[in-house]
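Open the model in your viewer and keep the selection panel at hand. The stops below are in the order in which they are best selected.

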Amino acid sequence: MSVRSTRGILDRLKAGVVLGAEGYVFELERRGYIKAGPYVPEVVLDFPDALKGLHREFLHAGADVMIALTYYAHRDKLKTVGREGDLERMNRQAVRIANEVAHEGEALVAGNICNTWAYDPKRKDETSRTVRAMYTEQVGWAVEEGIDFVIAETNDYLGEALIGLEVIKEYGLPAMVTLATTHADATWDGYDFAEACKILADHGADVVGLNCDRGPATMLPVIERVRKAVSGYIAAQPVPYRTSESMLTFESLKDSRGERVFPLGLEPFLHTRFEMADFARRAKALGVNYIGICCGGAPHYVRAMAEALGRTVPASRYSPAIELHPVLGEHVEEKEKAFLSDWKG
Ligand SMILES: [Zn+2]
């Protein structure tokens with residue numbers, strides 16, 4: 001077991017905001033390395049350089065944590081694409097790749113588990129055993145490959161989140177446990193989100209909060225309630241999409257014809273980098289300790305969020321300098337001035 005404890009996640013959270021970056025599955029699907037639908041991270045074994053490249057881009061953009069791409073790399077999901085035999089190899093390789101890139105900077109490495117789709121509160125005893133077995137093997141492999149902490153995320157059920165938390169704690173690691181927020185106010189097993197976060201914190205989760213599903217506009221009001229309920233560290237990792245009071249989650253977004261756009265036609269709803277930077281500032285002001293981004297996330301958002309938090313990151317070397325633009329800049333040549341009047345339409 002090789003747990004690295006020097007300046008681990010808890011020390012970093014104590015020192016200030018930690019910046020996370022997720023959305024690996026969505027981004028690698030857009031790039032042609034993961035199949036939409038099953039969303040199994042086959043890229044880990046099939047195109048490791050593509051995964052390494054995205055890790056590097058997030059690191060360059062200022063992410064403090066490299067999250068091993070083991071999201072949906074669990075037994076049930078691999079069965080659906082006929083790759084159950086690759087389960088251990090896929091999990092171990094994902095953690096190795098995260099470590100390789102993390103060591104190119106000063107990032108931490110997080111193991112990752114998520115909702116399994118196997119948990120059923122109506123058959124709690126039986127399904128809990130199945131979920132526990134899946135988490136135990138995934139976290140076990142990650143610990144052997146070397147991780148700093150584990151993120152258990154997109155938990156629809158508090159019951160399933162608690163199993164993930166127990167498994168992480170059995171390995172003696174810091175645990176960040178975040179909830180999915182597809183219902184308006186409560187988990188699928190009926191716990192108000194703020195109450196569920198408090199229960200997780202009371203059971204020993206080091207960081208609790210929300211990730212995925214909601215954009216900043218509909219996640220911030222919930223995270224504000226979580227902040228009031230929980231005295232420890234909290235996390236918020238929204239999707240960069242314009243969710244609203246009438247469409248709380250990106251799964252529920254509909255276009256002007258009333259058609260669902262999730263998961264492949266979401267682009268018209270994307271936030272700008274400036275809006276995600278604004279989210280980072282607002283989350284910090286609310287007292288969120290771990291600020292990040294989920295599905296739809298990309299390096300330009302992460303850099304904008306890092307800079308909004310007052311940081312200069314490696315990619316800041318190439319941050320915009322619109323004052324140098326030949327048409328929009330400060331020094332526009334006489335012959336280019338006509339372009340601007342043309343652009344005004
Ligand atoms: Zn997500």
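The tour goes from the sheet to one of its strands, then to the zinc site, a helix, two loop residues and the aromatic rings.

This is a predicted model, in which local features need pLDDT of at least 70 and side-chain atom pairs count only at pLDDT 80 or more, while totals for chains, interfaces and linings use all residues. Residues are numbered from 1 along each chain as its sequence is written, and side-chain values use heavy atoms, with hydrogens and water left out.

**The sheet**

Start with a cartoon view. Helices (H or I, at least four residues) and strands (E, at least two) are DSSP runs, numbered from the N terminus. Eight strands form an open sheet with parallel pairing, in the order β1-β8-β7-β6-β5-β4-β3-β2. Two strands pair if DSSP finds at least two bridges between them. At the edges are β1 and β2 (65-67), each of which pairs on one side only.

**Strand β6**

Select residues 207-211. How many residues of strand β6 are buried? Five of the five are, so the strand is largely enclosed by the rest of the structure. Buried means under 20% relative accessible area, exposed over 50%, and partly exposed in between (1.4 Å probe, protein chains only). Show the side chains: Val207, Gly209 and Asn211 point one way from β6, and Val208 and Leu210 point the other way.

Now add residues 175-179, which are strand β5. β5 and β6 pair in the parallel sense over four bridges, and Val207 in β6 is the bridge partner of Met176. Between these strands the chain passes through helix α9 (residues 193-202), in a right-handed β-α-β crossover. A crossover is right-handed if, with the strands pointing away from the viewer, the path from the first strand over the helix to the second runs clockwise.

For the other neighbour, add strand β7 (residues 233-237), which pairs with β6 in the parallel sense over five bridges. Here the bridge partner of Gly209 is Ala235 in β7. Include helix α10 (residues 216-229) to see a right-handed β-α-β unit made of β6, α10 and β7.

**The zinc ion**

Centre on the zinc ion. Which protein atoms are its donors? They are the SG atoms of Cys212, Cys294 and Cys295, lying 2.2 to 2.3 Å from the ion. Donors are N, O and S atoms within 2.8 Å of the metal (3.2 Å for Na, K and Ca); water is not among the atoms, so sites may look incomplete. Along the chain the donors follow the spacing C-x81-C-C. Cys212 is in the loop between β6 and α10, and Cys295 is 83 residues apart from it, in the loop between β8 (290-291) and α12 (299-308). Cys212 is buried at a relative accessible area of 6%, and Cys295 is buried at 14%.

**Helix α12**

Next select residues 299-308. Eight of the 10 residues of α12 are buried, so this helix is largely enclosed by the rest of the structure. Among the buried residues are Tyr301, Arg303 and Met305. Their cover includes β1 (18-19), α4 (48-60), α11 (273-286) and β8. Gly310 follows α12 and has a positive phi, near 90°.

**Two loop residues**

Go to Thr181, in the loop between β5 and α9. Thr181 is buried, with a relative accessible area of 0%. Not counting residues up to four places away in sequence, Thr181 touches Phe193, Leu210, Cys212, Asp213, Arg214 and Thr249. Contact means heavy atoms within 4.5 Å.

Then select Asn115, in the loop between β3 (108-114) and α7 (124-145). Asn115 is buried at 4% relative accessible area. Beyond four places in sequence, its contacts include Tyr71, Tyr72, His74 and Glu153.

**Aromatic rings**

Finally, show Phe26, Tyr39, Tyr241, Phe250 and Phe262, which ring pairs link into a cluster. Rings of Phe, Tyr and Trp (its six-membered ring) pair if their centres lie within 6.5 Å; planes under 30 degrees apart count as stacked, over 60 as edge-to-face and the rest as tilted. The count by this rule is nine aromatic pairs. Phe250 and Phe262 have ring centres 4.9 Å apart and planes at 65°, so the pair is edge-to-face. Phe250 is buried at 2% relative accessibility, whereas Phe262 is partly exposed at 26%.
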